[in-house]
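Trainee: I am new to this structure, and I would like to learn how to read it. Could we go through it together, step by step?

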There are 2 protein chains.
Amino acid sequence: MKYSINEVSKKFGLSIHTLRYYDKEGLMPFLERDRTGNRVFSETDLNWISMICCLKNTGMPIKEIKQYADWCTQGMQTINERKVMLTNHRKKVLMQLEDLKKDLNLIDSKIEVYDNPELAQKMYGGLEKQ
Amino acid sequence: MKYSINEVSKKFGLSIHTLRYYDKEGLMPFLERDRTGNRVFSETDLNWISMICCLKNTGMPIKEIKQYADWCTQGMQTINERKVMLTNHRKKVLMQLEDLKKDLNLIDSKIEVYDNPELAQKMYGGLEKQ
DNA sequence: ATGAAATCTCGAGTTAACTCCAGATCGAGA
DNA sequence: TCTCGATCTGGAGTTAACTCGAGATTTCAT
């Protein structure tokens, strides 16, 4: 099964501009073209775009994703580099998860204060005057 | 207890430039100055900066944080707006948490493939040639 | 008294990640 | 054949969030 850029755009909620931008930045070095030069996306490409979205959503800069893509095209002699990169990135994602949980707790306690104004003085100095 | 901008900078890992930028953007409408015009941070200010960091880290744009700060300075007639904003933001943070967990799973499964190359063909079309 | 350290303002510069536009081309349907 | 829609490229523009630099002021230890 093959897909046009428009179909991929809709599938991932990425604009066509963004997909072309990713390609231009070297994130999809393996993308094929039809005889008129249009991009043709395969299932493999869709899976790789999922991975791009995953890495992007977890804060990896595009240059680093490109590095990973480049390593992938270079074959098995780069397996270790790729594994190290992903393992380091995994640690960052774990920290993001922890941070996000703490942030959620802080937001929850703020909301609780709005629900129970009598708690206000226990809170953060009380910037939120009630 | 009062703090200089330098102390606050170190406490939060925000640059002095960033703190002044936040102030300029209206994120700290309550900040006091000493007689020579230097910013003086109180405990309340530190707690509010924690909240700024929390909202910023969870993806709230600075303009929206400013809106919240403005509502805070307007007193209790804006309590409902503030509560609605935080409640909506909370939903987004919950979604971020879910997304982050999914992304972590994907990264984990990738790493697992690198640890067990024989799993490779089960994975994502196998862009990562091994 | 003086030189260093910390702060200030204003405004310009930077970076990442898009986002858009103009002009060209190609393939399919009336 | 003509036109419409989808795609292409190259390059310029945008936006958010900083980041920096110049020049001025104040404070404080020697």
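Mentor: Gladly. Let us begin with a term: a salt bridge is a side-chain nitrogen of Lys or Arg within 4 Å of a carboxyl oxygen of Asp or Glu. Across the interface of chain B and chain A, that rule finds four salt bridges. One of them joins Asp108(B) to Arg90(A), with the closest N and O atoms 2.3 Å apart.

Trainee: What should I know about the model and its numbering?

Mentor: This is a predicted model, in which local features need pLDDT of at least 70 and side-chain atom pairs count only at pLDDT 80 or more, while totals for chains, interfaces and linings use all residues. Residues are numbered from 1 along each chain as its sequence is written, chains are lettered from A and ligands numbered from 1 in the order in which they are written, and side-chain values use heavy atoms, with hydrogens and water left out.

Trainee: How many residues of chain B are in contact with chain A?

Mentor: Contact means heavy atoms within 4.5 Å. Here 41 residues of chain B touch 41 residues of chain A in that sense. Another view is buried area, the accessible area (1.4 Å probe) that two parts lose on being put together, summed over both. Between chain B and chain A it is about 4000 Å², and carbon and sulfur atoms give 74% of this.

Trainee: How many residue pairs are in polar contact between chain B and chain A?

Mentor: A polar contact is a pair of N or O atoms within 3.5 Å; within protein, one must be able to donate a hydrogen and the other to accept it, and residues adjacent in sequence count only if both atoms are side-chain atoms. Between chain B and chain A there are eight such residue pairs, both residues being at pLDDT 80 or more.

Trainee: Which elements give two or more residues to the side of chain B that touches chain A?

Mentor: Helices (H or I, at least four residues) and strands (E, at least two) are DSSP runs, numbered from the N terminus. On this side of chain B the elements are helix H3 (43-57), helix H4 (62-73) and helix H5 (79-115) of chain B. H5(B) gives the most, with 22 residues.

Trainee: Now the DNA. Which residues come nearest to DNA strand C?

Mentor: A residue is near a strand if one of its heavy atoms lies within 4 Å of it. Of the 19 residues around DNA strand C, the nearest are Tyr22(A), Thr36(A), Arg20(B), Arg33(B) and Arg39(B). A polar side-chain atom of Arg33(B) is 3.1 Å from a phosphate oxygen of this strand. The backbone takes part as well: a backbone N or O atom of Ile62(A) lies 3.3 Å from a phosphate oxygen of DNA strand C. Among the strand's atoms within 4 Å of the protein, 77% belong to sugar or phosphate and the rest to bases.

Trainee: And which residues are closest to DNA strand D?

Mentor: DNA strand D is surrounded by 19 residues, the closest being Arg20(A), Arg33(A), Arg39(A), Tyr22(B) and Thr36(B). Polar side-chain atoms lie 2.5 Å from a phosphate oxygen of this strand for Arg20(A), 3.0 Å for Arg33(A) and 2.7 Å for Tyr22(B).

Trainee: Which element gives the largest share of the surface near DNA strand D?

Mentor: That is H2(B), with four residues. For DNA strand C, H2(A) gives the most, with four residues.
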